[in-house]
Amino acid sequence: MKETRFYSIALENIDGEINRLQDFCDMLDKNPAEKKKQIVEYKKTKYRYAAVSNVWAMFYFCHRLMDIHKDTHYLHPNVEPFLLNNPSYLSLYDNAPEEEKPEYGWYYGTLAFTDGEIAKLEEKLPFANDWEKIELEERLGGLRFAKVCLDEAWQKRKDVSV
């Protein structure tokens with residue numbers, strides 16, 4: 001499996017956030033008294049982590065299993081339907097140079113997946129009670145962060161000066 005510049009940059013940025021979130025929760029897990037004081041932040045961090053790590057997993061497995069997913073736009077079966085339901089992203093993939101199709105699949109497929117997850121959560125937001133709203137906002141923040149990481153990596157993928 002070829003690790004591209006785009007893949008490396010995106011994964012490194014998303015990994016950084018996952019590690020930061022895990023470190024915070026691990027620190028509190030080792031200190032129950034402090035965890036009790038910061039339980040709200042702890043739970044918010046867990047919700048954000050869940051969202052970011054979900055995008056990470058889809059992106060990672062699209063890349064890792066790309067050889068067996070050539071016929072599905074190089075995408076994991078949980079991701080491809082999102083690309084197929086987004087005509088503008090699908091068109092960009094279809095018009096990509098053949099040698100760049102895997103990257104186009106990973107980028108636009110994962111973006112479509114993330115957009116779909118964001119849309120599902122945003123639908124629930126107006127009906128959420130106080131704590132549900134906090135959970136949804138943290139998950140949305142994590143999804144939006146992952147999307148920014150993908151966008152930045154996509155912009156930098158051909159920049160050799162970085």
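## A tour from a loop histidine to a helix pair

Begin by selecting His69, which sits in the loop between helix H3 (39–64) and helix H4 (80–84). The model on the screen is a predicted one, and every stop below should be read with that in mind. Although His69 belongs to a loop, its relative accessible area is 10%, and His69 is therefore buried, the cut-off being under 20%. To see what surrounds this residue, add Tyr74, Leu75, His76 and Pro77 to the selection, since His69 touches these residues when those up to four places away in sequence are not counted.

Next, go to Glu3, in the segment before helix H1 (5–29). Is Glu3 buried or exposed? With a relative accessibility of 53%, Glu3 counts as exposed, because the cut-off for that label is over 50%. Once its neighbours within four places in sequence are set aside, Glu3 is in contact with Ser8 and His63, so display those two side by side with Glu3 as defined by heavy atoms within 4.5 Å. For a distance across the model, draw a line from the C-alpha of Glu3 to the C-alpha of Lys133: the two residues are 130 apart in sequence, and 38 Å separates them in space.

Now select helix H5 (residues 87–94) together with helix H6 (residues 101–124), which pack with their axes 9 Å apart and at an angle of about 175 degrees. The angle is over 145 degrees, and H5 and H6 are therefore roughly antiparallel to each other. Which residues form the meeting of these two helices? On the H5 side, show Tyr89, Leu92, Tyr93 and Asp94; on the H6 side, show Lys101, Tyr104, Gly105, Tyr108, Leu111, Ala112 and Asp115, which the H5 residues meet.

Finally, zoom out to the whole protein and colour it by secondary structure, which comes to seven helices and zero strands, in the order α-α-α-α-α-α-α along the sequence. Taken along the principal axes, the C-alpha atoms fill a box of roughly 55 × 35 × 30 Å. Switching to a surface view, one finds that the protein exposes about 9100 Å², of which carbon and sulfur atoms supply 51%, while 43% of the 162 residues count as buried. Among contacts between residues at least 6 apart in sequence, 66% join residues at least 24 apart. If the charges are coloured last, the mean positions of the 23 positive and 29 negative ones lie 5 Å apart.

Definitions and conventions:
Residues numbered from 1 in each chain as written. Predicted model: local features only at pLDDT ≥ 70, side-chain atom pairs only at ≥ 80, totals over all residues. Heavy atoms only, no water. Helix = DSSP H or I, 4+ residues; strand = E, 2+ residues; numbered from the N terminus. Buried < 20%, exposed > 50% of the residue type's maximum accessible area, 1.4 Å probe, protein only. Areas by Shrake-Rupley, 256 points an atom, 1.4 Å probe, with all protein chains shown as cover. Lys, Arg positive; Asp, Glu negative; His and termini not counted. Charge placed at Lys NZ, Arg CZ, Asp CG, Glu CD. Axes fitted to C-alpha atoms, helices over the stretch in contact; angles between N-to-C directions. Parallel < 35°, antiparallel > 145°, perpendicular 65-115°, else oblique.
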